[in-house]
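Hi,

Here is the structure I said I would pass on to you. Have a look at it first, and then read my notes underneath.

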Protein chains: 2
Amino acid sequence: MKARAARSADAAAPDTEKSRPRSVNTTADRAIDILLAYSSDKPVWSAAEIAAHFGMPRSTTYRYINTLRNCGLLADEGSSLYRLGHKVLHLARVAKMHDPVLRVAAPVLSELSGTFGDAVLLHERVGSEVITLERIESRMALVTLSQSKLLPWPAAASAKVLLAFAPAADREDILSRTVPIRYTGKTHTTHKALLADLKTITRQGYAVGIEELDEGATGIAAPIFSDQECRYAVSMGGAAAKFHGKRLAAVVRGVTSAAARISKALAGPG
Amino acid sequence: MKARAARSADAAAPDTEKSRPRSVNTTADRAIDILLAYSSDKPVWSAAEIAAHFGMPRSTTYRYINTLRNCGLLADEGSSLYRLGHKVLHLARVAKMHDPVLRVAAPVLSELSGTFGDAVLLHERVGSEVITLERIESRMALVTLSQSKLLPWPAAASAKVLLAFAPAADREDILSRTVPIRYTGKTHTTHKALLADLKTITRQGYAVGIEELDEGATGIAAPIFSDQECRYAVSMGGAAAKFHGKRLAAVVRGVTSAAARISKALAGPG
DNA sequence: CCAATTTGTCTCATTTTTTGAAATCTTAAT
DNA sequence: ATTAAGATTTCAAAAAATGAGACAAATTGG
């Protein structure tokens, strides 16, 4: 099929993860690929852009757009531009309302955000991937943290926490398959340095990452435990300049206490 | 086509809105219908349930499930059950981050929620429909407000506010096409009573709906203005027993002030 | 522990949908 | 008014989805 070939050839392919298993349903996959092409970097697309990006003819592109628009997953942004539709918000609400962790964590994260004003995040480790469950934006920052969908293992405080507190087998597996990438001058790239970091994190019970992922950005993260296992981590991040001395200490206390409260809440009813 | 016929015949059809325009892309539509079948009332489905609900054969059903699962829109919930996947959360984040109204409203709503602890909502009127842009759950309530996706016009404080402050033409159009439904003993069902309500709301600048939509639930709503028009409304709702005297007055002040602040923020940069 | 039930995968001929080029209509911009 | 770009429509050819059933794997239950 022509369009499909063109699509694979298209360098910046839409396949977000390493390599999605063979699909069984091409048409639906395409519709979804269009949806998932929407990102914080590109939250608005024109039909022409979608057509170009996927190597599709115009008529086909409009068919997909209309399908997605008719069910509220896409919506018009002005004329001839399309953004995500309200059904996306609805689905997320359903997902959040049902997630037992998010349910108990939400108010705690909200309070944390209210106290310090910086960005607050909740991550989950699923196998060797890290996914963002919740993200409350900083109230003051003009520039938001870069929305890296694939949180890289060796950097980022929350990823390190998840790694440090993961079961030994998982941790070693991940470490053996990880090739550290140097994001900034301060990223720790040797396995030795990384192991030392993890040890420190395990000992103190939280992680502080200073400018390892982003220049000028600091992150503080703490582990959440449920059933003896650490699958989630709370973190807070923002301009490195803001995390110093007393305030940094307060943030660390805030983040660790939030994590502890969530752990406790999960232990209670669960 | 057989399955399609079966699907339409299936009483509780998946078509959320009145009647979606003729689709152009059957396969993608199906995948989306499955996704949109997820609701707060049914956040987890088994393959068998999906097959039964849409009148599909098992093999086809699994194909769709896998397609959705492979791209993270669905995820496993235990064995042989499926829930919404993390990509749904990601998409919603993208949508929220890009929405100019949500951006400025989020912190205000969050604060409102923090102050009173009850459920806070942000609605938008799009033509004659009301869509929920944001919804922060009550921190204490054990029972959440019913998640009515189709907010009915004559009831619900926020819908009334949106109606009261809508351009006259729109309002009359909506009113003429509205057949009030009696939700509770206190729902106002005559056009006359409804008009009187709207007048009151316009005069005082906010709406208080006591047990009109849900027995035992009260809602307080206020209009948000941008470009002289009211397209959005903030509201707060919870157990009727909690909204009395001084606290009710405080809530009204909180909600109206939140709405005013959002209006102002929209006027500023926009 | 084995049998029964349910879940999930796979195959393949048949049917249905999707595709894409171009004509056509619409809307905006110059 | 003229041009350009957006959007829809048509139709035959091409590709993909379908669905029945065979089968394997995992659960369940007695």
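Let's start with a helix you can check by hand: helix H2 of chain B (residues 26–37) has 12 residues, which at 1.5 Å a residue should span 16 Å, and its end C-alpha atoms are indeed 16 Å apart. (The expected span is 1.5 Å times one less than the number of residues. Helices are DSSP runs of H or I with at least four residues, strands are runs of E with at least two, and both are numbered from the N terminus.)

Before going on, some housekeeping. This is a predicted model, where local features need pLDDT of at least 70, side-chain atom pairs count only at pLDDT 80 or more, and totals for chains, interfaces and linings use all residues. Residues are numbered from 1 along each chain as its sequence is written, while chains are lettered from A and ligands numbered from 1 in the order in which they are written.

Back to H2(B). Its buried residues are B:Ala28, B:Asp29, B:Arg30, B:Ala31, B:Ile32, B:Asp33, B:Ile34 and B:Leu35. (Buried means 20 or more other C-beta atoms within 10 Å of a residue's own, exposed means 12 or fewer, and partly exposed is in between; the C-beta atoms are placed from the backbone.) What covers them? The cover includes helices H2 (26–37), H4 (58–70) and H5 (86–98) of chain A, along with helices H3 (47–54) and H4 (58–70) of chain B.

One residue to click on is B:Ile50, which lies in helix H3 of chain B. B:Ile50 counts as buried because it has 20 C-beta neighbours inside 10 Å. Not counting residues up to four places away in sequence, B:Ile50 touches B:Ile34, B:Trp45, B:Thr61 and B:Ile65. (Contact here means that the C-beta atoms, placed from the backbone, lie within 7 Å.) B:Thr61 is 11 residues from B:Ile50 along the chain, and their C-alpha atoms are separated by 7.1 Å.

Where do the two chains meet? The contact takes 45 residues from chain A and 45 residues from chain B. On the chain B side, H5(B) gives the most, with 12 residues.

**How sure is the predictor?**

Chain A has a mean pLDDT of 85, with 84% of its residues at 70 or more. (pLDDT is the predictor's confidence in each residue, from 0 to 100.) Among the elements of chain A, helix H1 (residues 2–9) has the lowest mean, 31, and strand S2 (residues 82–84) the highest, 98. Be careful with residues 1–23 of chain A, where pLDDT stays under 50.

**The sheet in chain A**

Chain A comes to 10 helices and 7 strands, and buried residues make up 40% of its 270 residues. 5 of the strands form an open, antiparallel sheet in the order S4-S3-S7-S6-S5. Strands S4 (129–136) and S5 (207–210) of chain A stand at the edges with a single partner each, so one side of each has no neighbour in the sheet. (Two strands pair if DSSP finds at least two bridges between them.) Neighbouring strands are turned by 25° against each other on average, direction ignored. (Angles run from 0 to 180 degrees between N-to-C directions, using axes fitted to C-alpha atoms, for helices over the stretch in contact.)

Strand S3 of chain A (residues 119–126) is joined to S4(A) by 7 bridges and to S7(A) by 6. A:Leu121 has A:Arg135 as its bridge partner in S4(A), and A:His123 stands opposite A:Ala233 in S7(A). S3(A) and S4(A) form a hairpin with 2 residues between them, and A:Gly127 in the turn has a positive phi of about 65°. S3(A) is mostly covered, with 7 of its 8 residues buried.

Helix H6 of chain A (residues 100–116) lies across S3, S4 and S7 of chain A, at about 55° to S4(A). Helix H10 of chain A (residues 245–267) packs on the sheet too, touching S6 and S7 of chain A, and its direction makes about 25° with that of S6(A).

**The core**

In soluble globular proteins, nonpolar side chains tend to be buried together. The largest nonpolar core here has 140 residues, of which A:Val234, A:Val255, B:Val234 and B:Val255 touch the most other members. (Such a core is a set of buried Ala, Val, Leu, Ile, Met, Phe, Trp, Tyr and Cys residues joined through C-beta atoms within 7 Å.) Leaving aside neighbours within four places in sequence, the contacts of A:Val255 include A:Tyr206, A:Ile220 and A:Val234.

Cheers

Methods
Two residues are in contact if their C-beta atoms, placed from the backbone, lie within 7 Å.
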